[in-house]
Amino acid sequence: MPDLYDGDHVLADLALIRREWGADDERKINAFLDELSDSDDAMWALTQRKQQRNFDRPFFNSCAIEWMLDQGFNMYRIRSTAVVPSYRMLYAYDHTVDEFHVLAVVRKKPHTAPDYDRRIHYDYEPDHHISIRVLAEYDSLRIARVG
Amino acid sequence: MTASASPALASPFSITATPATFLVQAHPGRANERRSARSGKLPRATYNAQREEADPNYAARMAETRRELSREMYEGKANCVARLRLAAGLSQHQLSALAGITQPHLAKIESGKLSIQLSTAVSLADALGVSLDELRPLTRLQERTPQNVSVGSL
(Lines give C-alpha, C1' and ligand atoms only; values in the text may rest on other atoms or scores of the structure.)
Protein backbone atom coordinates (compact mmCIF):
# COMPACT_ATOMS: atom_id res chain seq x y z
CA MET A 1 0.00 0.00 0.00
CA PRO A 2 1.38 3.46 -0.79
CA ASP A 3 2.05 5.77 2.13
CA LEU A 4 0.80 9.30 2.68
CA TYR A 5 3.32 11.97 3.62
CA ASP A 6 2.82 15.54 4.74
CA GLY A 7 4.54 18.28 2.80
CA ASP A 8 6.66 20.94 4.46
CA HIS A 9 3.81 23.45 4.76
CA VAL A 10 1.01 21.25 6.08
CA LEU A 11 1.74 22.04 9.72
CA ALA A 12 1.61 25.76 8.92
CA ASP A 13 -1.65 25.27 7.02
CA LEU A 14 -3.13 23.49 10.01
CA ALA A 15 -1.87 26.20 12.34
CA LEU A 16 -3.66 28.80 10.18
CA ILE A 17 -6.83 26.73 10.34
CA ARG A 18 -6.50 26.51 14.12
CA ARG A 19 -6.13 30.28 14.40
CA GLU A 20 -8.93 31.18 12.01
CA TRP A 21 -11.49 28.43 12.60
CA GLY A 22 -10.50 26.62 15.76
CA ALA A 23 -8.57 23.64 17.01
CA ASP A 24 -11.46 21.23 16.48
CA ASP A 25 -11.22 21.63 12.72
CA GLU A 26 -7.47 21.13 12.81
CA ARG A 27 -7.76 17.92 14.83
CA LYS A 28 -10.59 16.59 12.68
CA ILE A 29 -8.52 17.10 9.55
CA ASN A 30 -5.59 15.32 11.18
CA ALA A 31 -7.76 12.41 12.31
CA PHE A 32 -9.48 12.20 8.94
CA LEU A 33 -6.18 12.07 7.07
CA ASP A 34 -4.91 9.40 9.47
CA GLU A 35 -8.02 7.31 8.81
CA LEU A 36 -7.62 7.77 5.09
CA SER A 37 -3.95 6.85 5.10
CA ASP A 38 -4.64 3.69 7.10
CA SER A 39 -7.28 2.44 4.66
CA ASP A 40 -6.05 0.22 1.82
CA ASP A 41 -9.17 0.87 -0.21
CA ALA A 42 -9.08 4.62 0.29
CA MET A 43 -5.43 4.84 -0.68
CA TRP A 44 -6.09 2.73 -3.73
CA ALA A 45 -8.95 5.06 -4.66
CA LEU A 46 -6.56 7.99 -4.55
CA THR A 47 -4.45 6.46 -7.31
CA GLN A 48 -7.31 6.34 -9.79
CA ARG A 49 -7.33 9.07 -12.39
CA LYS A 50 -11.02 9.17 -13.10
CA GLN A 51 -12.81 12.49 -13.24
CA GLN A 52 -14.30 12.35 -9.77
CA ARG A 53 -14.54 9.61 -7.20
CA ASN A 54 -16.63 9.16 -4.09
CA PHE A 55 -15.52 6.89 -1.32
CA ASP A 56 -16.98 5.90 2.00
CA ARG A 57 -15.33 5.05 5.29
CA PRO A 58 -13.79 7.54 5.54
CA PHE A 59 -16.23 9.48 3.42
CA PHE A 60 -14.50 11.61 0.86
CA ASN A 61 -14.56 12.76 -2.69
CA SER A 62 -11.46 13.25 -4.78
CA CYS A 63 -10.69 14.51 -8.24
CA ALA A 64 -7.81 15.81 -10.30
CA ILE A 65 -7.00 19.50 -10.35
CA GLU A 66 -7.41 19.76 -14.08
CA TRP A 67 -5.30 22.80 -14.88
CA MET A 68 -2.41 21.40 -12.85
CA LEU A 69 -2.75 17.99 -14.48
CA ASP A 70 -2.74 19.66 -17.89
CA GLN A 71 0.67 21.08 -17.02
CA GLY A 72 1.99 17.65 -16.02
CA PHE A 73 1.52 17.97 -12.27
CA ASN A 74 -0.12 14.81 -10.92
CA MET A 75 -2.23 16.82 -8.49
CA TYR A 76 -5.60 16.04 -6.93
CA ARG A 77 -7.78 17.29 -4.16
CA ILE A 78 -9.71 15.52 -1.41
CA ARG A 79 -12.94 16.80 0.08
CA SER A 80 -14.10 15.11 3.25
CA THR A 81 -17.82 14.92 2.69
CA ALA A 82 -18.78 14.00 6.25
CA VAL A 83 -16.21 15.43 8.62
CA VAL A 84 -14.67 18.70 7.40
CA PRO A 85 -16.46 19.56 4.15
CA SER A 86 -15.24 23.17 4.09
CA TYR A 87 -11.65 22.13 3.58
CA ARG A 88 -9.65 20.67 0.72
CA MET A 89 -6.51 18.60 0.94
CA LEU A 90 -4.29 18.98 -2.09
CA TYR A 91 -2.11 15.98 -2.80
CA ALA A 92 0.35 14.73 -5.36
CA TYR A 93 0.85 11.13 -6.40
CA ASP A 94 4.30 10.01 -7.44
CA HIS A 95 3.75 6.83 -9.44
CA THR A 96 7.47 6.11 -9.73
CA VAL A 97 7.87 5.53 -5.99
CA ASP A 98 4.20 4.93 -5.14
CA GLU A 99 3.88 7.77 -2.66
CA PHE A 100 1.25 10.38 -1.87
CA HIS A 101 2.23 13.80 -0.63
CA VAL A 102 -0.26 16.16 0.96
CA LEU A 103 1.05 19.54 -0.11
CA ALA A 104 -1.65 21.83 1.25
CA VAL A 105 -4.71 21.89 3.46
CA VAL A 106 -6.93 24.84 2.61
CA ARG A 107 -10.30 26.34 3.35
CA LYS A 108 -12.40 26.42 0.17
CA LYS A 109 -13.82 29.75 -0.94
CA PRO A 110 -17.42 30.03 0.24
CA HIS A 111 -19.87 29.50 -2.62
CA THR A 112 -21.94 32.49 -1.60
CA ALA A 113 -19.12 34.98 -1.31
CA PRO A 114 -18.12 36.74 -4.53
CA ASP A 115 -15.48 38.66 -2.60
CA TYR A 116 -13.36 36.62 -0.29
CA ASP A 117 -10.10 36.81 1.57
CA ARG A 118 -7.50 35.03 -0.54
CA ARG A 119 -5.18 34.96 2.44
CA ILE A 120 -7.33 32.34 4.12
CA HIS A 121 -9.52 30.96 1.32
CA TYR A 122 -8.66 29.10 -1.87
CA ASP A 123 -10.42 28.38 -5.14
CA TYR A 124 -7.68 26.76 -7.24
CA GLU A 125 -6.66 30.06 -8.82
CA PRO A 126 -3.36 29.58 -10.73
CA ASP A 127 -2.00 32.84 -9.31
CA HIS A 128 -3.02 32.05 -5.72
CA HIS A 129 -0.10 31.80 -3.34
CA ILE A 130 -1.18 28.28 -2.40
CA SER A 131 -1.10 27.10 -6.04
CA ILE A 132 2.32 28.66 -6.54
CA ARG A 133 3.63 27.13 -3.32
CA VAL A 134 2.23 23.68 -4.05
CA LEU A 135 3.74 23.44 -7.51
CA ALA A 136 7.09 24.73 -6.27
CA GLU A 137 7.15 22.04 -3.59
CA TYR A 138 6.07 19.42 -6.13
CA ASP A 139 9.16 20.19 -8.16
CA SER A 140 11.46 20.55 -5.17
CA LEU A 141 10.46 17.04 -4.06
CA ARG A 142 11.14 15.85 -7.61
CA ILE A 143 7.74 14.23 -7.83
CA ALA A 144 7.37 12.69 -11.26
CA ARG A 145 5.48 14.71 -13.86
CA VAL A 146 2.87 12.98 -15.99
CA GLY A 147 2.57 13.21 -19.76
CA MET B 1 18.96 14.03 -1.38
CA THR B 2 18.62 15.37 2.11
CA ALA B 3 16.63 13.42 4.66
CA SER B 4 14.68 15.77 6.87
CA ALA B 5 12.52 14.34 9.57
CA SER B 6 9.91 16.53 11.19
CA PRO B 7 11.74 18.68 13.73
CA ALA B 8 9.92 17.51 16.84
CA LEU B 9 10.77 13.90 16.12
CA ALA B 10 14.05 14.18 14.31
CA SER B 11 16.50 13.85 17.18
CA PRO B 12 16.16 10.13 18.06
CA PHE B 13 16.98 8.99 14.56
CA SER B 14 19.89 8.74 12.22
CA ILE B 15 19.02 8.14 8.64
CA THR B 16 20.69 6.01 6.00
CA ALA B 17 19.62 6.44 2.41
CA THR B 18 18.67 3.44 0.30
CA PRO B 19 17.55 3.62 -3.31
CA ALA B 20 13.87 3.89 -2.55
CA THR B 21 13.45 4.29 1.18
CA PHE B 22 15.18 5.48 4.28
CA LEU B 23 15.59 3.20 7.22
CA VAL B 24 15.69 4.30 10.81
CA GLN B 25 18.95 2.99 12.23
CA ALA B 26 19.15 4.11 15.85
CA HIS B 27 15.82 3.14 17.34
CA PRO B 28 15.73 -0.65 17.64
CA GLY B 29 11.98 -0.76 18.07
CA ARG B 30 11.45 1.28 14.97
CA ALA B 31 13.91 -0.27 12.57
CA ASN B 32 12.77 -0.68 9.01
CA GLU B 33 10.21 2.10 9.26
CA ARG B 34 9.48 3.32 5.81
CA ARG B 35 10.37 6.85 4.93
CA SER B 36 9.57 8.83 1.87
CA ALA B 37 11.97 8.40 -1.00
CA ARG B 38 11.27 12.05 -1.83
CA SER B 39 11.26 13.89 1.48
CA GLY B 40 12.77 11.39 3.92
CA LYS B 41 9.78 11.91 6.20
CA LEU B 42 7.81 9.31 8.08
CA PRO B 43 4.33 8.48 6.81
CA ARG B 44 1.88 10.89 8.43
CA ALA B 45 0.09 8.18 10.41
CA THR B 46 3.40 6.96 11.86
CA TYR B 47 4.49 10.50 12.66
CA ASN B 48 1.21 11.26 14.39
CA ALA B 49 1.29 7.97 16.30
CA GLN B 50 4.71 8.91 17.66
CA ARG B 51 3.48 12.43 18.44
CA GLU B 52 0.64 10.95 20.47
CA GLU B 53 3.04 8.66 22.30
CA ALA B 54 5.20 11.64 23.21
CA ASP B 55 2.40 14.08 24.13
CA PRO B 56 -0.40 12.71 26.34
CA ASN B 57 -2.38 15.94 26.10
CA TYR B 58 -2.35 15.80 22.32
CA ALA B 59 -3.28 12.11 22.48
CA ALA B 60 -6.26 12.88 24.70
CA ARG B 61 -7.49 15.56 22.31
CA MET B 62 -7.08 13.24 19.33
CA ALA B 63 -8.96 10.48 21.15
CA GLU B 64 -11.89 12.84 21.67
CA THR B 65 -11.72 13.89 18.02
CA ARG B 66 -11.89 10.23 16.92
CA ARG B 67 -14.97 9.74 19.07
CA GLU B 68 -16.55 12.65 17.21
CA LEU B 69 -15.50 11.09 13.91
CA SER B 70 -17.15 7.81 14.88
CA ARG B 71 -20.44 9.68 15.21
CA GLU B 72 -20.03 11.82 12.11
CA MET B 73 -18.73 9.09 9.81
CA TYR B 74 -20.82 6.16 10.95
CA GLU B 75 -24.12 7.71 12.01
CA GLY B 76 -26.89 5.29 11.11
CA LYS B 77 -24.41 2.58 10.14
CA ALA B 78 -24.14 -0.84 11.71
CA ASN B 79 -21.39 -1.51 14.19
CA CYS B 80 -18.06 -2.39 12.63
CA VAL B 81 -14.50 -2.64 13.88
CA ALA B 82 -13.59 0.80 12.54
CA ARG B 83 -16.57 2.43 14.23
CA LEU B 84 -15.87 0.72 17.54
CA ARG B 85 -12.22 1.66 17.27
CA LEU B 86 -13.00 5.32 16.68
CA ALA B 87 -15.63 5.29 19.42
CA ALA B 88 -12.90 4.06 21.75
CA GLY B 89 -10.75 7.00 20.64
CA LEU B 90 -8.14 4.78 19.05
CA SER B 91 -6.14 4.99 15.84
CA GLN B 92 -5.34 1.85 13.88
CA HIS B 93 -1.77 2.02 15.20
CA GLN B 94 -3.01 2.15 18.79
CA LEU B 95 -5.59 -0.61 18.47
CA SER B 96 -3.23 -2.92 16.61
CA ALA B 97 -0.65 -2.47 19.37
CA LEU B 98 -3.24 -3.20 22.07
CA ALA B 99 -4.54 -6.27 20.23
CA GLY B 100 -1.10 -7.61 19.40
CA ILE B 101 -1.51 -7.51 15.65
CA THR B 102 0.09 -5.38 12.96
CA GLN B 103 -1.53 -2.22 11.63
CA PRO B 104 -1.69 -3.56 8.05
CA HIS B 105 -3.40 -6.69 9.42
CA LEU B 106 -5.95 -4.53 11.24
CA ALA B 107 -6.48 -2.45 8.10
CA LYS B 108 -7.36 -5.60 6.19
CA ILE B 109 -9.70 -6.77 8.94
CA GLU B 110 -11.46 -3.40 8.93
CA SER B 111 -11.87 -3.48 5.17
CA GLY B 112 -13.16 -7.06 5.27
CA LYS B 113 -10.35 -8.42 3.15
CA LEU B 114 -9.43 -11.41 5.27
CA SER B 115 -10.69 -13.93 7.75
CA ILE B 116 -9.41 -13.89 11.28
CA GLN B 117 -8.90 -16.43 14.02
CA LEU B 118 -11.27 -16.42 16.98
CA SER B 119 -8.32 -15.55 19.19
CA THR B 120 -7.77 -12.38 17.16
CA ALA B 121 -11.44 -11.48 17.48
CA VAL B 122 -11.17 -11.93 21.24
CA SER B 123 -8.03 -9.78 21.35
CA LEU B 124 -9.79 -7.06 19.40
CA ALA B 125 -12.85 -7.18 21.64
CA ASP B 126 -10.63 -7.00 24.73
CA ALA B 127 -8.63 -4.11 23.32
CA LEU B 128 -11.79 -2.25 22.36
CA GLY B 129 -13.35 -2.89 25.74
CA VAL B 130 -16.40 -4.53 24.20
CA SER B 131 -17.82 -8.01 24.43
CA LEU B 132 -17.68 -10.40 21.53
CA ASP B 133 -21.43 -10.02 21.49
CA GLU B 134 -20.96 -6.40 20.46
CA LEU B 135 -19.08 -7.71 17.47
CA ARG B 136 -22.28 -9.53 16.64
CA PRO B 137 -21.75 -9.96 12.90
CA LEU B 138 -18.39 -11.52 13.64
CA THR B 139 -19.75 -13.90 16.27
CA ARG B 140 -22.59 -14.99 14.02
CA LEU B 141 -20.08 -15.91 11.34
CA GLN B 142 -17.97 -17.67 13.93
CA GLU B 143 -20.83 -20.01 14.68
CA ARG B 144 -20.77 -21.11 11.05
CA THR B 145 -16.98 -21.38 10.74
CA PRO B 146 -15.40 -22.52 14.00
CA GLN B 147 -11.77 -21.94 12.99
CA ASN B 148 -11.91 -18.74 11.03
CA VAL B 149 -14.10 -15.70 11.17
CA SER B 150 -14.95 -13.86 8.01
CA VAL B 151 -15.25 -10.21 8.82
CA GLY B 152 -16.44 -9.14 5.42
CA SER B 153 -19.65 -7.82 6.86
CA LEU B 154 -18.12 -6.00 9.79
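This section describes the fold of chain A, the contact between chains A and B, and two helix packings within chain B of a predicted model.

Chain A comprises five helices and seven strands. Read from the N terminus, these elements follow the order β-α-α-α-β-β-α-β-β-β-β-α. The radius of gyration of chain A is 14 Å, close to the 15 Å that the globule rule gives for 147 residues, and the chain is therefore as compact as a globular protein of that length. The C-alpha trace of chain A extends over about 40 × 35 × 25 Å along its principal axes. Buried positions make up 44% of the 147 residues of chain A. Of the contacts in chain A with a separation of 6 or more, 44% join residues that are 24 or more positions apart.

The contact between the two chains involves 28 residues from chain A and 26 residues from chain B. On the side of chain B that touches chain A, the elements giving two or more residues are helix H2 (44-54), helix H3 (56-74) and helix H6 (103-110) of chain B. H3(B) supplies the largest share of this side, with eight residues. By class, the residues on the side of chain B that touches chain A are nine nonpolar, eight polar and nine charged.

Within chain B, two packings of helix H5 were examined. Two packed helices are described by the angle between their axes and the distance between the axes. For helix H5 (residues 92-99) of chain B and H6(B), the axes come within 9 Å and cross at roughly 105°. An angle from 65 to 115 degrees counts as roughly perpendicular, and H5(B) and H6(B) are therefore roughly perpendicular to each other. H5(B) contributes B:Gln92, B:His93, B:Leu95 and B:Ser96 to this contact, while H6(B) contributes B:Gln103, B:His105, B:Leu106 and B:Ala107. The residues of the contact of H5(B) with H6(B) comprise three nonpolar, five polar and no charged.

The second packing pairs H5(B) with helix H7 (residues 118-128) of chain B, and here the axes come within 8 Å and cross at roughly 120°. The crossing of H5(B) and H7(B) is right-handed. The contact is formed by B:Leu95, B:Leu98 and B:Ala99 on H5(B) and by B:Ser123, B:Leu124 and B:Ala127 on H7(B). Five nonpolar residues, one polar residue and no charged residues make up the contact of H5(B) with H7(B). B:Leu95 thus appears in the contact of H5(B) with H6(B) and in that of H5(B) with H7(B).

How values were computed. Residues numbered from 1 in each chain as written. Chains lettered and ligands numbered in written order. Predicted model: local features only at pLDDT ≥ 70, side-chain atom pairs only at ≥ 80, totals over all residues. Contact = placed C-beta atoms within 7 Å. Helix = DSSP H or I, 4+ residues; strand = E, 2+ residues; numbered from the N terminus. Nonpolar A, V, L, I, M, F, W, Y, C, P; charged D, E, K, R; others polar. Axes fitted to C-alpha atoms, helices over the stretch in contact; angles between N-to-C directions. Parallel < 35°, antiparallel > 145°, perpendicular 65-115°, else oblique. Rg over C-alpha atoms; globule rule 2.2 N^0.38 Å. Buried ≥ 20, exposed ≤ 12 C-beta atoms within 10 Å, placed from the backbone. Left-handed = near helix turned anticlockwise from the far one by under 90°.
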